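Here's a quick tour of some charged contacts and a greasy patch. Have the structure open as you read.

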Amino acid sequence: MSACPPYSPFFGFAGVASAMIFSTAGAAFGTSKSGIGIAGLGSFRPELIMKSLVPVVMSGIIAVYGLVVSVLIAGSIQPSSYSLFAGFVHLSAGLACGFTGIAAGYAIGFVGDSCVRAYVHESKVFVSMVLILIFAEVLGLYGLIVALIMNTQAISANVC
């Protein structure tokens with residue numbers, strides 16, 4: 001039986017970094033883009049600001065998905081017995097979570113900005129906004145689920 005390559009954990013930690021960095025970047029974009037719309041709404045109808053914070057909260061959840069995946073991946077990295085296969089699977093899991101986090105944050109940002117601005121003029125837009133935001137949030141949830149499945153596969157196949 002051959003020893004595990006000493007550089008295998010690099011790929012696992014690259015997955016940890018990918019999940020955190022990319023999902024947080026998506027959450028930051030969604031928060032900033034939605035925040036711009038909320039700032040515009042606040043100058044016309046300040047009483048609607050609290051109800052319009054839904055996109056910002058949903059953007060923050062995207063970053064939590066990346067945090068969960070990165071903690072799980074980092075917890076399963078053991079440098080003494082960490083295979084190259086597990087490193088690549090963890091890298092892929094981190095990228096899956098991170099890239100879907102970017103996509104979800106992007107979608108939440110644009111939908112949040114547009115719908116919050118429309119909410120100033122028509123209050124019926126709120127229900128549609130929440131439904132569309134849920135569908136955008138599910139993009140990030142899919143990445144979380146895929147990353148969790150990949151993480152369990154890497155743990156079960158972590159043999160040198």
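## One turn along a helix

By about how much of helix H3 are Arg 117 and Asp 113 separated? They sit four residues apart in that helix, so about one helical turn lies between them. Keep in mind that this is a predicted model.

The two side chains also make contact: Arg 117 forms a salt bridge with Asp 113, with the closest N and O atoms 2.8 Å apart. Arg 117 is partly exposed, at a relative accessible area of 41%. Asp 113, on the other hand, is buried, with a value of 9%, which falls under the 20% cut-off for that label.

## A link between helices

Asp 113 has another partner as well. Its side chain meets that of Lys 33 in a salt bridge, at 3.6 Å from N to O. Lys 33 belongs to helix H1 (residues 8-44) and Asp 113 to helix H3 (residues 84-119), so this pair ties together parts of the chain that are 80 residues apart in sequence. Lys 33 counts as partly exposed, with 21% relative accessibility.

Put those contacts together and you get a network: Lys 33, Asp 113 and Arg 117 are joined through salt bridges that share partners.

## The other salt bridge

How many salt bridges does the model have? The count comes to three. Besides the contacts above, there's one where the side chains of Arg 45 and Glu 47 meet, at 3.0 Å from N to O.

How covered up are these partners? Arg 45 is partly exposed, at 31% relative accessibility. Glu 47 has a relative accessible area of 55% and is exposed, since the cut-off for that label is over 50%.

## A nonpolar patch

Now for something without the charges. Leu 139, Leu 141, Tyr 142, Ile 145 and Ile 149 make a nonpolar patch on the surface, and it covers about 450 Å².

Tyr 142 is one of the patch residues, and you'll find Tyr 142 in helix H4, which spans residues 125-156. Is Tyr 142 buried or exposed? Tyr 142 is exposed, with a relative accessible area of 52%; the label applies because that value is over 50%.

Notes
Residues numbered from 1 in each chain as written. Predicted model: local features only at pLDDT ≥ 70, side-chain atom pairs only at ≥ 80, totals over all residues. Heavy atoms only, no water. Patch = residues over 30% accessible without salt bridge, like charges linked within 9 Å, V, L, I, M, F, W, Y side chains within 5 Å. Areas by Shrake-Rupley, 256 points an atom, 1.4 Å probe, with all protein chains shown as cover. Salt bridge = Lys/Arg side-chain N within 4 Å of Asp/Glu carboxyl O. Helix = DSSP H or I, 4+ residues; strand = E, 2+ residues; numbered from the N terminus. Buried < 20%, exposed > 50% of the residue type's maximum accessible area, 1.4 Å probe, protein only.
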